[in-house]
Amino acid sequence: MHTLRHLVLAVLATTGTLVVGYYAVVNVFYLLIHALGLLELRDDVREASYDPPYQPFDSPSYPGVGLLVPAYNEAATIAESTRSMLALNYPDMELVVVNDGSTDDTLEVLKREYDLEPVDAEVPLAVPSEPIRAVYRSTIYEELLVVDKENGGKSDALNAALWLTEKELFCAVDSDTVIDREGLLQIVRPFLAEPSRAVASGGTIRVANECVVEGGVVEEVNLPRTGLPGLQVMEYLRAFYSGRLGMNRLNGLILISGAFGVFRTDLVRDIGGYDHDTITEDFDVVMRLHKHLSELDREYTVDFVPEPVAWTEVPASRTVLSRQRRRWYRGMLETVVTHRDMLFNPRYGPVGLLVLPMFVAAEVFGPLIEGIGYVLLPLAWYVGALNVEFFVVFFLLTTGFGVFLSWFGIFSEAWSFNRYEKPGQILRLLWYGVLENFGYRQWKTAVSWRGLVEYLRGNTEWGAMDRAGFSTGADDGDGDGGEEND
C-alpha cells in the first residue's frame, strides 16, 4: 500500500509538471495570436475607413460570385435567408439554393415565395453529387436558381451547386444565415487587391438569436437574453476577432466558416470539390487548398476579412449545442488525422510549421488534458498530494488568462466594427467572459471527451439542428432582461 501511494504520487507529480508546461506553451501561443490579431484588426479598420466599398456598380472589375446555399429541412428560415441574399448589393451575382432531399416544406416554401418554374433543359455537366431531380428558376428573380436533389449531405449539396454555377468565385453560405447588405462587396476585397494570389476569404459570423430581421436585413442587433446563446456570442467574438485575425497575420489561416466563405470556383473543382466523407467540410476544403497550392509551389493567400458579417442562429439548448459541438470536435479530429502529414512539414510554410501544430495542441488536446486534470484533482486530494496553495494560484492564473482572452475579443469588437453599441450589452458580454469559466467551460470539456469517444467508434452522424426562425418583431432593445441557463 505504501509503495502504491508513492507510485500514485510520482505519477501525479509528473502529470502536474507536464500539464503546467503544456498550459504555459499554449497560453503563450494564444497571447501571440491575440496580439497579432490586434495588429491585423488595426490595419483592417484603417482600410475600411479609407476605402469604403460603396460604389461597386461604377467598377467592371468585380468578379462574378455564385452564392451556394445547401438546405435540408430549413423551412423555418429559408425564405428569409434567401430574401437576404437576393437583397445583397453586388453587381454580378447568382444564387443557387440546393434542396438536399428535405422532408419538410423547404422546396414548397421556395416555390411559393419565389414563383419557381422548372428549367426545361438537361444538366450539362456530370455533377459529382446524388441525382438531381429538377432545376428551377425564379420568374421574379432571374438570378435565383433552385436545385432539387436526392439527399446526400451538405458536401454533396455544395458540389451540386459548385458544378452548376458559372461564376468565377463562389460563396458557401448556410441556409440559416442572413448576410449584411454590403457583406459580399467587403468579403471579395482580397480578390480585388491581389487577383492573381487570392484563393479564399472568410468573413465574421455573429449570433442572430433575438436580433430583429426585416426584409432580409438585420435591423436591430440584440444580445440574447438567455445565458447559452449569450455565451456563444462571446465565444464567436473571441474566435473571429482574435484567433482568425492572428492566423491571418501569420499567413496561416486554416479556418473559414462554412456559413460565410468565398473561394475560387476552378481551384475547388481542381481538388475534387467538397469531400463527402467529412463532417467539417469547411475546415477540410481549406486544408486541401493549402496542401494543393503549396505542392504546386504557387504563391497564394487565404484571408480573413472581419468587416463583412453573416448572422446565424445558434443552439439555445444544451442538447442541441452538445450535438453541434461533438460534431465539430469529431470533424476536427477527422481533418487533423487526414492531413497529419502537414504537421511540422516545412513544405507547407507557416501552416505546417506553426499554425497547425499549435492548433492541434490547443484545440484537439486542450480539452482532453483539461478533462484529465478534473479527474486527477480529486485523486490528488484523496492521496494527500494536493498542494492547495499551488492549486489556487494555478486556477486563478488559468481562469484569469481565459477571462483576459475573452475580454480581449470583446475589446476588439467595441474598438472596431462595434455592433453591440449599448453599454449594457458590453457589460453583459464582459460578465459572460467570467461566467463561462464556472460550469460552461467544464461542460464543454465533457462534450469534447464524448466527441472523442464517438470519433473512435466511427460515428459520422451530422445531427439535426432545431430552428426557431428569425425574429421579425420589436424587441426590448439591449437584451438585458432576465437570464436563463438552458
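This is a short dialogue on reading a few features of the structure above.

Visitor: What kind of model is this, and how is confidence spread over the protein?

Guide: This is a predicted model, in which local features need pLDDT of at least 70 and side-chain atom pairs count only at pLDDT 80 or more, while totals for chains, interfaces and linings use all residues. Residues are numbered from 1 along each chain as its sequence is written, and side-chain values use heavy atoms, with hydrogens and water left out. The pLDDT, the predictor's confidence in each residue from 0 to 100, averages 85 for the protein, and 90% of the residues score at least 70. Over residues 474-486 pLDDT stays under 50, and there the model has 47 contacts (heavy atoms within 4.5 Å) beyond four places in sequence.

Visitor: How many helices and strands does the protein have?

Guide: There are 13 helices and 12 strands, taken as DSSP runs (helices H or I, at least four residues; strands E, at least two) and numbered from the N terminus.

Visitor: How should I read the packing of helix 10 and helix 11?

Guide: Two packed helices are described by the angle between their axes and the distance between the axes. Here helix 10 (residues 318-338) and helix 11 (residues 349-382) pack at about 135°, with axes 11 Å apart; the axes are lines fitted to C-alpha atoms over the stretch in contact, and angles run from 0 to 180 degrees between N-to-C directions. The two helices are therefore oblique to each other, given that angles under 35 degrees count as roughly parallel, over 145 as roughly antiparallel, 65 to 115 as roughly perpendicular and the rest as oblique.

Visitor: Which residues make the contact?

Guide: Helix 10 contributes Y329, M332, L333 and V336, and helix 11 contributes F359, V360, E363, V364, P367 and L368.

Visitor: What does a positive phi at E210 or D297 look like in context?

Guide: Most residues other than glycine have a negative phi, and most peptide bonds are trans. In this model E210 has a positive phi near 75°, and E210 sits in the loop between strand 8 (198-207) and strand 9 (212-214). D297, also not a glycine, has a positive phi of about 55° and lies in the loop between helix 9 (281-295) and strand 12 (301-312).

Visitor: Are E210 and D297 buried or exposed?

Guide: Buried means under 20% relative accessible area, exposed over 50%, and partly exposed in between (1.4 Å probe, protein chains only). E210, at 18% relative accessibility, therefore counts as buried, whereas D297, at 69%, counts as exposed.
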